[in-house]
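Please work through the following exercises with the chain and its coordinates at hand. Each task is followed by a solution in steps.

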Amino acid sequence: MVLAACGGGGSDDDGNSTRVPGVSQPVEIVRDTSGVAHIYAQNQRDLFYAQGYNAARDRLWQLDQWRRRGEGKMAEQFGARFVEADRAARLFLFRGDLDAEFASYHPDAREILTAFSEGINAFVDQALADPEKLPIEFRLTGTQPGRWSPTSSLIRIYGITRNVGSEVQLARRIAAVGLATTQELTVNEPPTPIQVPAGIDVASITSSILTPYNLARNGLAFEAGDFPRSPLQPAQVAALAQALSVGNGTVERSEEERAALRYESNNWTVHGSRTDTGKPILANDPHRAISMPSLRYMVHLNAPGWNVIGAGEPALPGVSIGHNERIAFGLTIFAFGDEEDLYVYDTNPANPGEYRYGAGWEPMRVVNETVPVRGQAAGASAALKFTRHGPVVYEDPANRKAYAVRAAYLEFPGTAAYLASLRLNQAQNWTQFTEGMARHFTPGENMVYADVDGNIGWFGGALAPIRPRADWNGQLPVPGDGSYEWAGYLPGSLLPRVFNPAQGFYATANEFNVPADYAYRSMSATAWAEPYRFQRASEMLAANPRHSVADSAKMQIDELSIPARTLAPLVARLSSADADVSQALGLLRGWNHVVSTDSAAATLHQLWLPRLQSRVTELLVPAAGRSLFGTLSRPVVLAKLAAPDAVFGADPAAGRDALMLETLKAAVTELKGRQGADPANWQWGLLHHIQFEHELAGFLTGDQAAALATPRYPVGGDNDTLHRASYRTSDFRVTSGASYRQVIDLSDWDKSLAINVPGQSADPKSPHYKDLIERWAKGEYFPMAFSRSKVDSLRGDTLTLRPQ
């Protein structure tokens, strides 16, 4: 048995302790019954050392992959095939002033990050000395974890700041169908004309320009040859390579899956005048890829000057979502700041290493680095090229062009994702919170706020380059000759905010929410999420004058579909002589528009709406551009259906109705093929589900894989509901949704609720490996214990770190 041969470290027994070289006083790590670690230290340095140590004992393989990919050190363990991926990652490392970098996150950031990395390294040393502590992934791949440095958490490529890909895509769309058609089919908020910069030939912009950029972002999928030291047989190694690639998100995804993995979230904060306790309630459920292990990792940090609980990512100290003893905070992506631009250069015919700038030629700066490679004593040479604007991602000698990415996060200190939350972790009031948010550059965040004094608020955090030209809004590539230069950045003190709004609540869901009277609204980026989740949250909050924690929890799993409700008047006017279609229309007319697991109408809607979108897209997008536009957004399609025009034919309303009936017939046919002819058997939850397999499942026996997998659970909702559960249509498995949920009660911290998925630990032998998935699927929560008495009442096990 593979698992028996390789073993694995289990959870610690109550009262267990270990001596480590990096703590000065004992640190107690109390793990509660839901797997959340409550860390009690006697000083700041020991606190963050223990956070790093504890994250490593639960998530070491995940941490090691995160660091290796981000620092460009994959080839060191996995061989020469990864050299180019390592070179690409190194192009996007921060190379600025480290003193300013550390100081931006927190006055003690250098100490915090040093202690955090040393804590990870302490567990790495223990795991290397005791194979029982080494996660199974290392033993089966024949690899070992590497060591962290204080700069390992400063990796930039995982930040949610991606706009340059949209620039390339927009250029290609214009080349395919023309500027006027592209403008008509593009939703820009605020409404913004698309202007092709002078000197840019959109026909010359190809997807290959961003190959290194995408390689740095997405990594390289594993192959069997990457694990020559594995103890497995060749066929098992091949299966392992595929399993690990899928588990770590490095495989190429379809356009459908990429759309479902958009970074969207919900949050709201409710003033005490509208709650049942008279104190605020704050809720947040950030939506990301649903993975095993979870992207999110919960922790409670307690030491002099620190008392904060919530979720972050295992590779980062502190928490990015949660509360301390005075304030609560929760985030969604705020798409105001456009942090990237693609620059296009003419290169010197006599010297392709020089590019046109102003009236002359400038040499590219070349940084030569050595990439360590498994089995090669000398390593591999990697030449990294930079212009004054940023890393060179593509050179085209035949056409004498070069392309570089200018990224605010590469030239501005303090732009590693989420690390600026360290200041929020200690903020005590609105003033300190806004001061911290003024330096929370990456990613841009809608951060909602509440405090024990009864105040609520919102801050739109962002790093926004100033583009001074009237004909330049960052939507398309620009010449790199000096005619398109940023004029600095909008100061954080000028970013938008709202304090104690008159309506008594504030909600965000990645929609366009830059205030209408905001002085710098014209600087905004133009790509935002569809508005349906925000609309639903707002109508629910407005309708409830006495909001409770339970109400927020119900809102987070609310499954009413506004697109379905929007279609209802059109459905009401349809009729058909086809018995199947007539029956389907009856189901839709009697539906409450809730995408629940047991709803036949919801199942029909899910198979119908994508067809409806595709057919309308075919009518609106010329054939030459369909592969570039994909499926048009719901708002565009629904607006066209509501106000049909000549694209539907000579009689637009009749043509629209015919199209709706045709696509409904196709949906019914598919549904009958999947779930039979009887609508009583049409249930959304029989299709739409959540389930995880361990990364190693692809090569284990059936029994072994089943032991490591989670059960399958039905899930309601879809991409448009507050309970966002995006899925791939090949098998209806949920791929993106609430990576974490919290509902915070400022009248009593211990009455707050949270849930992670599928569990806190990545160790299959841990009781916290998959213990949360059923509750997540059912919309249930566990207590977010904060007081010491509440933590002790939920104590699961304890580990004490003692000085060596």
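The exercises below deal with confidence, burial and backbone geometry.

**Ground rules**

This is a predicted model, in which local features need pLDDT of at least 70 and side-chain atom pairs count only at pLDDT 80 or more, while totals for chains, interfaces and linings use all residues. Residues are numbered from 1 along each chain as its sequence is written, and side-chain values use heavy atoms, with hydrogens and water left out.

**Exercise 1. Find the stretches where pLDDT is under 50.**

Step one is the chain as a whole: the mean pLDDT (the predictor's confidence in each residue, from 0 to 100) is 93, and 96% of the residues reach 70 or more. Step two turns to residues 1–14, over which pLDDT stays under 50 and for which the model has 35 contacts beyond four places in sequence, a contact meaning heavy atoms within 4.5 Å. Step three adds residues 248–261, where pLDDT is also below 50 and the model holds 30 contacts beyond near neighbours in sequence. Predicted coordinates should not be read in detail where pLDDT is low.

**Exercise 2. Decide whether serine 320 is buried or exposed, and list its contacts.**

First, place the residue: serine 320 belongs to the loop between β7 (306–312) and β8 (321–323), where strands (E, at least two residues) and helices (H or I, at least four) are DSSP runs numbered from the N terminus. Next, classify serine 320, which counts as buried because its relative accessibility is 3%; buried means under 20% relative accessible area, exposed over 50%, and partly exposed in between (1.4 Å probe, protein chains only). Finally, with neighbours within four places in sequence set aside, serine 320 contacts Ala311, Gly312, Phe329, Leu331, Tyr418, Ser421 and Met447.

**Exercise 3. Locate the cis peptide bonds at proline 293 and proline 443.**

Begin with the general expectation that most peptide bonds are trans. Methionine 292 and proline 293 are joined by a cis bond with omega about 5 degrees, and proline 293 sits in the loop between β5 (281–289) and β6 (297–303). From threonine 442 to proline 443 the bond is likewise cis, omega being near -15 degrees, and proline 443 sits in the loop between α15 (430–437) and β17 (445–451).

**Exercise 4. Describe the positive phi of arginine 400 and of asparagine 500.**

Start from the fact that most residues other than glycine have a negative phi. Arginine 400, although not a glycine, has a positive phi of about 55 degrees; it lies between β15 (392–396) and β16 (401–407), in the loop, and counts as partly exposed because its relative accessibility is 44%. Asparagine 500, also not a glycine, has a positive phi of about 50 degrees; it lies in the loop between β20 (497–499) and β21 (505–508), and at 28% relative accessibility it counts as partly exposed.
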